[in-house]
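Visitor: I'd like to know where the labels people put on residues come from. Can you take me through a few?

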Amino acid sequence: MHIAEGFLPATQAVGWTLAAAPFVVHGARQVVTEVRERPENTLLLGAAGAFTFVLSAVKLPSFTGSSSHPTGTGAGAVLFRPPVMALLGTIVLLFQALLLAHGGITTLGANAFAMAVVGPWAGYGAYRLTRRLGGGLLPGVFAAMAVADLATYVTTAGQLALALPDAETGIPGAFVKFLSVFALTQVPLAVGEGLLGVLLFRVLTVNARPELERLGLLAPAPGSTR
């Protein structure tokens, strides 16, 4: 879902940047607040960013101008809420554009809007819905990771359709075409990412339970003190 350099018209690149900017600025404020008020979570915060960087760097060719890959943003959204991931995800995309040639600088705003804004919010919504329907932490994490991944690719397909409408069917036809091509790789990746998220949180439950309790993701263990 990293749209490559030069694949968006200048007006659309600027538009997506302006759309993503308020979320990123708000996310920066949330990160500062998190570090200042709960410094004990700083290590886990950095780990959430690193997890997103590593997972989204696994790049699979999809079609000209883009790629398929996991996103990793659902985990951070569950841990720290979506606004934090707006900043962390944008930083990840910037470093990947500069160091790995994944995505571009002019398309950073579009990529950030898809992966760092829409993905985390959709994933967090799926997590909250799953918990409200009686699912535990792990089913919620699976839903968050998978939906964040899929929502990102749906958004990217829409961005590409706006930039590259089909000659006969226009933007709707291009949107369906891009969705169809993405789905071949992205749907299995979303399922795999959900399962990886479950594995990650199983490890955190064992090795970082106090942190998950402080974040409100787990109830305190019987007999524990907080």
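Visitor: What makes F23 buried, exposed or partly exposed?

Guide: Keep in mind that this is a predicted model. F23 has a relative accessible area of 35%. Buried means under 20% and exposed means over 50%, so F23 counts as partly exposed.

Visitor: And how do you know whether F113 is buried or exposed?

Guide: Same kind of check. F113 comes out with a relative accessible area of 17%. The cut-off for buried is under 20%, so F113 is buried.

Visitor: Why is the pair of W16 and F113 called tilted?

Guide: Look at the ring planes: they sit at 45°, with the centres 5.2 Å apart. Centres within 6.5 Å make a pair, and planes that are neither under 30 degrees apart nor over 60 count as tilted, so that's the name this pair gets. W16 is in helix α1 and F113 in helix α5, so the pair ties together parts that are 97 residues apart in sequence.

Visitor: What makes F23 and F113 an edge-to-face pair, then?

Guide: Here the angle between the planes is 75°, and the centres are 6.4 Å apart. Over 60 degrees is edge-to-face, and the centres need to lie within 6.5 Å, so both tests are passed. W16, F23 and F113 together form one aromatic cluster.

Visitor: How do you know that N41 and E34 make a polar contact?

Guide: Their side chains come to 3.1 Å, and the limit for such N or O atoms is within 3.5 Å. N41 itself lies in the loop between α1 and α2.

Methods. Residues numbered from 1 in each chain as written. Predicted model: local features only at pLDDT ≥ 70, side-chain atom pairs only at ≥ 80, totals over all residues. Heavy atoms only, no water. Helix = DSSP H or I, 4+ residues; strand = E, 2+ residues; numbered from the N terminus. Polar contact = N/O pair within 3.5 Å; in protein donor to acceptor, adjacent residues only side chain to side chain. Phe/Tyr/Trp six-rings, centres within 6.5 Å; stacked < 30°, edge-to-face > 60°. Buried < 20%, exposed > 50% of the residue type's maximum accessible area, 1.4 Å probe, protein only.
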